[in-house]
Amino acid sequence: MNQYFHSVELDAELCCGCTNCLKRCPTEAIRIRDGKAHILSERCIDCGECIRICPHHAKRARSNPLEDIQQFSVKVAIPAPALFGQFNNLNDIDYVLNGLREEGFDYIYEVSRAAELVSEATRKLIREGKLKRPIISSACPAVVRLIKIRFPELCQNVLQLLTPMEVAARMARREVKKMTGLDDNAIGVFFITPCPAKVTEINAPNAIEKSAVSGAIAISQIYPSLTSKMEKLKVIDPIAKSGLLGVGWATSGGEAAAMLGEKYLAADGIENVIRVLEELEDEHIRDIDFIELNACSGGCVGGVLAVENPYVAQARIQNLRKYMPVSLNHMRDEDMERMIWENELEYNASSFRLSDDIFEAMDMMEKMEEIEKNLPGLDCGSCGAPTCRALAEDIVKGNAKETDCIHKLKARIQSVYDQLGKL
Amino acid sequence: MSSIHLHYDVNGEDFTRAGEASGSVKKRLKALGYNPDAIRRVAIAMYEAEINMVIHADGGFVDVDIFPDHVDVLLSDHGPGIPDVEKAMQEGYSTAPDNVRNLGFGAGMGLPNIKKYTDSMRIETEIGKGTDLYLTVEVKEA
């Protein structure tokens, strides 16, 4: 698998080299070089913050156009629960699912159904006491990637269960195979996604070899045609099989609430997530069993590929859940094993370390502190690094020079000018 | 042996800033590619000590020396001193005021926790003069 696949990509023509994304990136993964933004692959967690902030729309998330489903004889849609929060006056998710069928999908399996299975499996694992507490949800791939590059001691706390997206794809494939007798190559499973990190998860998954999802279609892309198809629907077939626990996963706190316990917390927004992880690492958070973390404010409804304001979407999801049964999907014994990760989550130490050799790293750090002392400390970003400290790091690594700092350069020019004046 | 020396002043006036020094050390240890278990132990022990300094002694300073195989930390304050070190080392013994306890601190786990997470700990304290706390965390290869 491609170790450094990223769904976030840059349109170099639109990028004017401003510092908006540079300053916003939570892992300091962006540098401006030669007037354009560059992503440091080993640090990017695909959270999508740069897409959100870019005023020039130069950052995009890769996803599949709807036409791509035509490559398969059976076309399966697995819509994220966040999709259900995008529509005004929706009182029945079957409108959305029937609309998806009009878009050309033969079979629909809501990711919220799989979410209920994941919740049940998690509750079972917690009861059995086999997990290292507190348990951190593995559902947000941006958070999992963040832990992988920055929080070595927390890798073992991450719940070793597949994401609901992955479980949904596997369940749907099994059902379609049973119904049609076709093999996997003929079945295209497409995630209807609010989230660029999920696109990465499909192409370079955490903790499994290969994803069962064939591609991802952005909610923002399918939204206009889907709404018009939904308006024209005459007959609504009952397709939906989700309960309120599964649909609740669309918003922050939904997954934690589905634990049906009391000792949980849910944090959303990448900066808040980082603060919680820091405190967890220092063991300041005690007496908590389960931790739900979502990189986007509001949870998955806040994904950059969603169209509706996340808080409006959240209110709609609450309303939709009102008359739903609690849960319509229940695990069979054999399901548990299918939902568990194939591989361990491994800490990727190289993302932030200065050198593999500690003596060399110490040497570099000493130089870094020295360089940083001489920088203005404005963190203005004009040099192309997000902070003066990051510039010092880049200089030590040989990727930048001191005069990339415009304040340093100005001082240098001034002194040359002064000397010329004396001649 | 080469080492990296770091110095922090701990502000005793502002409780919300307690933990900044340990956070900064943690970040640097990660950049050095330090052993994760040692990072965790340094971060926790230093944090507890930093909090103690703010609660009981109106702040002070911290000197950190990072060596390839161990970290030395000195936390020094001009606070009231610890009258009975043996008692202070007992789990659950605390002289923290109520307002601090309400924040979830002052459970009497500070010094016992520091001892638990470090490889050596030495207290030099004098009533009315202050306290010096010397900590060492060694890297134990997994």
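The following conversation goes through a predicted model of two chains, asking what lies behind some of the terms used for it.

Biologist: Why are helices α4(A) and α6(A) called roughly perpendicular to each other?

Modeller: Helix α4 of chain A, residues 111–128, and helix α6 of chain A, residues 164–180, pack at an angle of about 110°, with their axes 8 Å apart. Angles of 65 to 115 degrees count as roughly perpendicular, and α4(A) and α6(A) are therefore given that description.

Biologist: Which residues of α4(A) and α6(A) meet, and how do they divide into nonpolar, polar and charged?

Modeller: From α4(A) come A:Val111, A:Arg113, A:Ala114, A:Ala115, A:Leu117 and A:Val118, and from α6(A) they meet A:Pro164, A:Met165, A:Val167, A:Ala168 and A:Met171. The residues of this contact divide into 10 nonpolar, no polar and 1 charged.

Biologist: What makes the peptide bond from A:Arg133 to A:Pro134 noteworthy, and where does A:Pro134 lie?

Modeller: The bond from A:Arg133 to A:Pro134 is cis, its omega being near -10°. A:Pro134 itself lies in the loop between α4 and β7 of chain A, where β7 covers residues 135–136.

Biologist: Why is A:Glu28 called partly exposed, and what can be said of its phi?

Modeller: A residue needs 20 or more other C-beta atoms within 10 Å to be buried and 12 or fewer to be exposed; A:Glu28 has 17 and is therefore partly exposed. A:Glu28 lies in the loop between α1 and β2 of chain A, and has a positive phi of about 50° although it is not a glycine.

Biologist: How do you know in which class of exposure A:Asp379 belongs?

Modeller: A:Asp379 has 15 C-beta neighbours inside 10 Å, and because that value falls between the cut-offs of 12 and 20, the residue counts as partly exposed. Its place is the loop between α14 and α15 of chain A, the latter helix covering residues 388–396, and phi of A:Asp379 is near 50°, a positive value in a residue other than glycine.

Biologist: What makes A:Thr19 partly exposed, and which residues is A:Thr19 in contact with, leaving aside its neighbours within four places in sequence?

Modeller: A:Thr19 has 17 other C-beta atoms within 10 Å, a value between the two cut-offs, and is therefore partly exposed. A:Thr19 lies in the loop between β1 (8–10) and α1 of chain A. With the neighbours within four places set aside, A:Thr19 is in contact with A:Ile32 and A:Gly381. The C-alpha atoms of A:Thr19 and A:Leu265, which are 246 residues apart along the chain, are separated by 34 Å.

Biologist: How is chain A divided into domains, and how do you know that domain 1 touches domain 3?

Modeller: The domain assignment gives domain 1 as 1–62, domain 2 as 66–339 and domain 3 as 353–423. Residues are in contact if their C-beta atoms lie within 7 Å, and 8 residues of domain 1 of chain A are in contact with 5 residues of domain 3 of chain A. On the domain 1 side, α1 (20–24) and β2 (30–33) of chain A are the elements that give two or more residues, and the largest share, 3 residues, comes from β2(A). That side divides into 3 nonpolar, 1 polar and 4 charged residues. The C-alpha centres of domain 1 and domain 3 of chain A lie 23 Å apart.

Biologist: What does each chain bring to the contact between chain A and chain B, and which element of chain A gives the most?

Modeller: The contact takes 18 residues from chain A and 14 residues from chain B. Helices α11 (270–281) and α14 (358–374) of chain A each supply at least two residues of the side that touches chain B, and α14(A) gives the most, with 6 residues. By class, this side of chain A has 9 nonpolar, 1 polar and 8 charged residues.

Biologist: How do you know that the radius of gyration of chain B agrees with a compact globule?

Modeller: For 142 residues, a compact globule would have a radius of gyration near 14 Å, and chain B has 15 Å, which agrees. The C-alpha atoms of chain B fill a box of roughly 40 × 30 × 25 Å along the principal axes, and 38% of its 142 residues count as buried.

Biologist: What pattern does chain B follow along the sequence?

Modeller: Chain B has 5 helices and 5 strands, which follow the pattern β-α-α-β-β-α-α-α-β-β. Among the contacts in chain B with a separation of 6 or more, 62% are accounted for by residues 24 or more positions apart.

Notes:
Residues are numbered from 1 along each chain as its sequence is written. Chains are lettered from A and ligands numbered from 1 in the order in which they are written. This is a predicted model: local features need pLDDT of at least 70, side-chain atom pairs count only at pLDDT 80 or more; totals for chains, interfaces and linings use all residues. Two residues are in contact if their C-beta atoms, placed from the backbone, lie within 7 Å. Helices (H or I, at least four residues) and strands (E, at least two) are DSSP runs, numbered from the N terminus. Ala, Val, Leu, Ile, Met, Phe, Trp, Tyr, Cys and Pro count as nonpolar, Asp, Glu, Lys and Arg as charged, and the others, Gly among them, as polar. Axes are lines fitted to C-alpha atoms, for helices over the stretch in contact, and angles run from 0 to 180 degrees between N-to-C directions. Angles under 35 degrees count as roughly parallel, over 145 as roughly antiparallel, 65 to 115 as roughly perpendicular and the rest as oblique. Domain bounds come from an automatic or database domain assignment. The radius of gyration is taken over C-alpha atoms; the globule rule is 2.2 Å times the number of residues to the power 0.38.
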